[in-house]
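Student: I'd like to practise reading contacts and domains in a model with several chains. Can we work through one together?

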Amino acid sequence: MTNTIIWTVAILTVLGLVLSLILFWVARKFRVEEDPRIDEIEKTLPGANCGGCGFAGCRAFADAAVKAGNLDSNYCPVGGNEVMKKVADILGCTVKESAPMVAVVRCNGTCEARPKTNVYQGEMSCKVKAALYGGDTLCIFGCLGCGDCVNACAFGALSMDPATGLPVVDESKCTACGKCAAACPKRIIELRPKGPRGMREYVSCINKDKGPSARKACASACIGCGLCEKTCTHGAVTVADNVAYIDPAKCKLCRECEAVCPTGAIHGVNFPKPLDKDAVKKRIADRKAKAAEAAKAAAAAQEVKKEESNG
Amino acid sequence: MAKLTFSIGGIHPADSKLARDCKIETLPLPPKVYVSMFQHLGAMAKPIVAVGDSVKAGQIIAEPGGFISAYVHSPVSGKVTAIGPRKDLAGFNQMHVEIEVQGDEWADGIDLSPDLVTAIPEDKQFILDRIKMCGVVGLGGATFPTHVKLNPPPGKTAECLILNGAECEPFLTSDYRILLERTDEIVVGAAIMQKVLGGCPCVIGIEENKPGAIAAVKASVARLAYPGIRVETLKKRYPQGGEKQLIDAVMHRQVRSGGLPIDVGAVVQNVATSLAVYEAVQKNKPLVTNTLTVTGDVIDPARQHNYLFRIGMPLSYIAEYAGGIPEGTVKIVSGGPMMGKAIANMDAATVKGSSSILYLGDATKRHAATPCISCGRCADACPMGLEPFLLKRLYSAGDVAALEQNAAQDCIECGCCQYSCPAYVPLLDNIRMAKAQVMGVIRARNAKK
Amino acid sequence: MDKLTVSPSPHLHAPASTASIMRDVIIALTPAMVVSILFYGWSEIMVLAVGAVSCVAIEWLIARYLMKRPDLFSGWSALVTGILLSMNLPSTSPWWMIVIGAVVAIGVAKMSFGGLGQNLFNPAITARVFLLISFPVQMTNWSVPDGFIGGVDAVSGATPLGVIKEGLKAGESISEVLSANGMDAHSLLRDIGGSGGEISAQALLAGFIYLLVRKVVKPWIPLSILGTIAIVAAIFHGVDPEHFTGPNFNLMTGGVLLGAFFMATDYVTSPMSNWGGVVFGVGIGLIVMMIRYFGSYPEGMSFAILIMNCFVPLINRAFHQKKYGRA
């Protein structure tokens, strides 16, 4: 009896020792040398593995960054400047600061504004629906409402608003990884700079149809009338293919375009006060009147000059 | 004689050929027609007329926009009133030429007499040119330009011309009616195509549920006595009329994945295409008319019709003429119920390949999908031997490499899987996307090479 | 007119649905249920009712309150599980044991895997095996048939399989066991005490033929199970008839027919392809015979099916459909 126990303990101990030696040897023999900075960078990164940077996860990002030795083609939109600075410190290089971005849904064709013309029945996927036909409204550019963007978001920042049938971005959760923009077959979602204190101005429509048919399809469509372009004093608005676009780099957030838009397709968000359309319109009118006066005066002056030179 | 059929999968939906006994009627001309520039597979045709031009029926109004493309002719005589985008039946904008109908005058050189011309031109190139200049495209559904298909690439020879009279889709009867009413012309068309392909034998395949057509074609083949044409009876089974399935059924050969029918020596043409070829070559008449069935499970037999229509007539005009959209219609389909497209816009114009206006009632409503119970019916039904349940799963997982390995790109979109799924899983909806994804990967890889 | 519906093709659907398939299975089980009720009387009606009701109720409760996904409730499927579970239990089963079985079948074997279509193991068999191990006394209290039809002199106590197993374990030969119990080879097949679903081979066969005609199941799995059992039994019985029972006996006793026709053919837990089904069936047949001949349990159908259930994902990977143009 005692013998059995002794033998058992002995055999197990020897076996354990031998096996651990083998493991030790294997671990040494097949050890892969890896730059410790990869681990370090990976730890610094948010670890969501969202792919927003264009790499297949945070590890791949770190790997590429260490291999390249700089951060020219690496930027983690989720972590933002703060995290990128830390990464740059680890690598001992510099990183360009980039403005924080946010996903913006450029369709405001709510159920009311954009009446349904048929009923879609099939897989609830925007991709499937877009491949099938123009959609269940007369607007073939607008949101299809099946929520591919919501499914693509790894951060729970998107949700469908049942009242409007449109996706809503939760800015506090959005990391601007760009997954939703890529998932949208209609390319409605755009990544735009968040703007100072979140304030930004954008055209919430990408309908390229001519004015009348765009209007027929959706009451709040951009009809490409060009009023915004004419009103903007900063050259931030351009109309191409019957649809306006606001360049965030040039926009000074004066909200004049928003005030003159006849269909309400231009949206301003996170402004402290609601837009007083009449006041802004008056401001524009005053400025125009002043400009006209000035032009008149200038013309008069020109006349005088001409006369003087003639005389 | 043994009935032929394909070897893998397939389903047996009720054939519902409700309009089978309705003679083909000719539709009167509408006030305006809208001729699409995108009626064929390949590049869009380029309009060569201008607003204000007067055109005659049969006159070329658009040129091919590429090698795989086709001429488009005016289906009516009148004045071009607009050229620009117009919504097609899916609601997408397509370039259309709008023509206001004035009288019914045909361009010179077109033989409109009903006399049968049986003498076949000797010159192959002449025949091919005629087919090309008359804008003939495959009318079996894919609308692939016929002159391209009848001109095999060098090094490949046609061993068998298969004339597809299967019409395996439920409800459709237009092919059946032309097989009955225009039998001789179709047989002459077949003989013309045989000639172009170097005198290979021709098999006219017709499904067993059309005994009248089989008898009529057999009699005509015997009477006209062209060499090497025979009629084969096919089993009633969907998708018997699929190109790959028909080749399997008639020649017992299978086209390799990614290959063309000509690789196994087969050229498949629809019977309606054969009729168009006859008219083009023997009568110099361009493809501006076709036959279309107005049918459905919500209309009574008296209102079922087969019409000879001019291309460019709006669907709504034909529907109106046939008595309006019937009560209880849930969905209107252009084409058969298995592969046809649901119509979102009834104002859309008919195109060369239009084959039906199909009114479907409650039976077409989709049920909510329930979990897959792994019954394997989709795999049993797939005529390509794919495993739809697996493809759907792989697509949801985004595994493109595995999709390619499991042959998602071989899907012919026949709908057998989704038809037979007892859990109402939208299999084809997903597999179609998976196929597109894999095809994109394959194309990108080939481009790199 | 209402708005038109637009959807991708196909625009038609076959008449069969999951619910209609489950209804067909219930119809196919009806003859066997009727026979078992005739044999065992009110107690069998109680077993069936408790099994069916508790399975459906538990499925609903779990889907509704535990998983908060009412859409995962599949009543017809739960009903089939309930009936199959009941038919695998002795008619003397106390109601609480059946309810525990239902909790194991639906709660553990099915819903914890994600509900219908996700389970790896056949729920009814999982529950049966659970009960067999947990309550061996109640589970082997095979009653004397005492039902609505008289004139059946039945063996009491254990099933024929159990009697022979005990005898063989004690070192007797089969003929000694039979004579000791006053049985002959014929009465073995006639007076079978057992669970409700194991009584009438004809009733089970009728149900199975109905399923075949309705194209609900394919014959390959049952055929390969029964064929394997017959062949293995024929070989062993031919070599040593005193210690190994014959093919007829092995096919007709215990849960073989019920298992082969109704349990092994469960879509979710069986391979999809025909050849996969054959491999699955042969595996079950072999395991059954190994357990019966060499194991300590008299009956092995449930274990065999559960063991082969584990291999289904592997079998599905190994056997693929023949593809067009890729020979």
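Student: How many residues does each chain put into the contact between chain A and chain B?

Tutor: Keep in mind that this is a predicted model. A contact is read from both sides: here chain B gives ten residues and chain A gives eleven. A pair of residues makes the list if their C-beta atoms, placed from the backbone, lie within 7 Å.

Student: And what classes of residue are on the side of chain B that touches chain A?

Tutor: Sort them by class and you get five nonpolar, three charged and two polar residues on chain B's side.

Student: Now chain C. Where do its domains run?

Tutor: Look out for a domain written in pieces. In chain C, domain 1 covers 18-139, while domain 2 is given as 160-178 + 193-318. Taken over C-alpha atoms, the centres of these two domains of chain C are 21 Å apart.

Student: How many residues of each domain of chain C are in contact with the other?

Tutor: Domain 1 of chain C brings 31 residues, and they meet 26 residues of domain 2 of chain C. Next, ask which elements supply them. On the domain 1 side, α1 (18-40), α2 (42-66), α3 (75-87) and α5 (123-134) of chain C each give two or more residues. The largest share, twelve residues, belongs to α1(C). By class, that side of domain 1 of chain C has 20 nonpolar, eight polar and three charged residues.

Student: What does the domain assignment give for chain A?

Tutor: Three domains: domain 1 (36-91), domain 2 (108-192) and domain 3 (195-284). For chain A, the centres of domain 1 and domain 3 lie 37 Å apart, again taken over C-alpha atoms.

Key. Residues are numbered from 1 along each chain as its sequence is written. Chains are lettered from A and ligands numbered from 1 in the order in which they are written. This is a predicted model: local features need pLDDT of at least 70, side-chain atom pairs count only at pLDDT 80 or more; totals for chains, interfaces and linings use all residues. Two residues are in contact if their C-beta atoms, placed from the backbone, lie within 7 Å. Ala, Val, Leu, Ile, Met, Phe, Trp, Tyr, Cys and Pro count as nonpolar, Asp, Glu, Lys and Arg as charged, and the others, Gly among them, as polar. Domain bounds come from an automatic or database domain assignment. Helices (H or I, at least four residues) and strands (E, at least two) are DSSP runs, numbered from the N terminus.
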